[in-house]
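Visitor: I have the sequence and the fold open on my screen. Please walk me through them.

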Amino acid sequence: MQIHTLSAYETTAQEFFGKLAEWDADLVLDVRLKNTNQLAGFTKRDDLAYFVEKIQHADYAHDVLFSPATTVLERYLRGTMDWEDFFANYHREMVQRDAVPQFFEKYGRYQSVAIVGTATQKRRSHVEILQQMIEDSQAGLPDTALEQVTARDEAADAAREAEKEARRHHSKSA
């Protein structure tokens, strides 16, 4: 099973569904607490469920078992809790809820899962923590640590920058 993360914010429908197609996602798992207000745009729960089925021909599930507690999320969004504390709180919640084994019970039959969260350019999302916990479990590794998620993010950022630079170089030489 491949696990991918995707933000419902700061993205276009073309980018969003392009990623789902690239990953050949057969499940879009929405783990946002609040996904029904108008600000969610095309990723509003009922709209997203429709589009995922019609465009990607995949299943859609909204499952708040994997969402952070409202109080923890609000403190993080307001800036009164930093990423490290948010990580620790969310991680503890997932362990207490026995979330990773439940993930495999509910969604283990899928081959490519895109987990939808709320990352922005300025804010990280709980989905990256969840992704790491699931991947660690699949690999039989010990529990996820903050350092692992941070290192993975730094590597992904470096790869994106290298890709942008390669595109710039290609466009200048064309």
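**A walk through the model**

Guide: Let's start at Asp98, which sits in the loop between helix H4 (83-96) and helix H5 (99-107). Helices (H or I, at least four residues) and strands (E, at least two) are DSSP runs, numbered from the N terminus. This is a predicted model, where local features need pLDDT of at least 70 and side-chain atom pairs count only at pLDDT 80 or more, while totals for chains, interfaces and linings use all residues. Residues are numbered from 1 along each chain as its sequence is written, and side-chain values use heavy atoms, leaving out hydrogens and water.

Visitor: What is the phi of Asp98 like?

Guide: Asp98 has a positive phi of about 55 degrees, although it is not a glycine. Most residues other than glycine have a negative phi.

Visitor: Buried or exposed, that Asp98?

Guide: In between: Asp98 counts as partly exposed because its relative accessibility is 43%. The cut-offs are under 20% relative accessible area for buried, over 50% for exposed and partly exposed in between, using a 1.4 Å probe and protein chains only.

Visitor: And Glu10, what does its phi look like?

Guide: Glu10 also has a positive value, near 50 degrees, and is a residue other than glycine. Glu10 is in the loop between strand S1 (2-7) and helix H1 (13-23). With a relative accessible area of 56%, Glu10 is exposed.

Visitor: Let me step back. How many helices and strands does the protein have?

Guide: Seven helices and four strands. Along the sequence they come in the order β-α-β-α-β-α-α-α-β-α-α. The protein has 174 residues, and 40% of them count as buried.

Visitor: Which contacts come from residues far apart in the chain?

Guide: Taking contacts with a separation of 6 or more, 75% are between residues 24 or more positions apart. Contact here means heavy atoms within 4.5 Å.

Visitor: Show me that on a strand. Where is Val113?

Guide: Val113 is in strand S4 (residues 112-117). Val113 counts as buried, at 0% relative accessibility. Beyond its neighbours within four places in sequence, its contacts include Met1, Ile3, Leu27, Leu29 and Phe103. The C-alpha atoms of Val113 and Asp59 are 9.6 Å apart, with their positions 54 residues apart along the chain.

Visitor: What about Thr5, which residues does it touch?

Guide: Thr5 is in strand S1. Outside the four places on each side in sequence, Thr5 is in contact with Trp23, Ile115, Val127, Glu128 and Gln131. At 28% relative accessibility, Thr5 counts as partly exposed.

Visitor: Val127 and Glu128 sound like helix H6. Which residues are buried there?

Guide: Both of those are, along with others including His126, Ile129, Leu130 and Met133. Ten of the 13 residues of H6 are buried, so H6 is largely enclosed by the rest of the structure.

Visitor: What span should H6 have?

Guide: The expected span is 1.5 Å times one less than the number of residues. For the 13 residues of H6 (residues 126-138) that gives 18 Å, and the end C-alpha atoms are 19 Å apart, which agrees. After H6 comes Gly140, with a positive phi near 70 degrees.

Visitor: New topic: where is Ser67, and what does its side chain reach?

Guide: Ser67 is in the loop between strand S3 (59-62) and H3. Its side chain reaches the backbone oxygen of Val31 at 2.6 Å. Ser67 counts as buried, at 1% relative accessibility. Among its contacts further along the chain than four places are Arg32, Tyr90, Glu93 and His126.

Visitor: How many cavities are there?

Guide: One of 30 Å³ or more. A cavity is a set of points on a 1 Å grid over the protein atoms alone where a 1.4 Å probe fits but cannot get out, and lining residues have an atom within 4 Å of a point. The largest cavity holds about 40 Å³ of space, where a volume is the space filled by probe spheres set on points joined across faces, edges and corners.

Visitor: Which residues line the largest cavity?

Guide: Leu73, Tyr76, Leu77, Phe86, Thr118, Arg123, Arg124, Ser125 and His126. Helix H3 (residues 70-78) gives the most, with three residues. The lining divides into four nonpolar, three polar and two charged residues. Here Ala, Val, Leu, Ile, Met, Phe, Trp, Tyr, Cys and Pro count as nonpolar, Asp, Glu, Lys and Arg as charged, and the others, Gly among them, as polar.

Notes: 1 Å grid on protein atoms, 1.4 Å probe; cavity = no way out; pocket = protein on both sides within 12 Å on 5 of 7 lines; lining within 4 Å. Polar contact = N/O pair within 3.5 Å; in protein donor to acceptor, adjacent residues only side chain to side chain.
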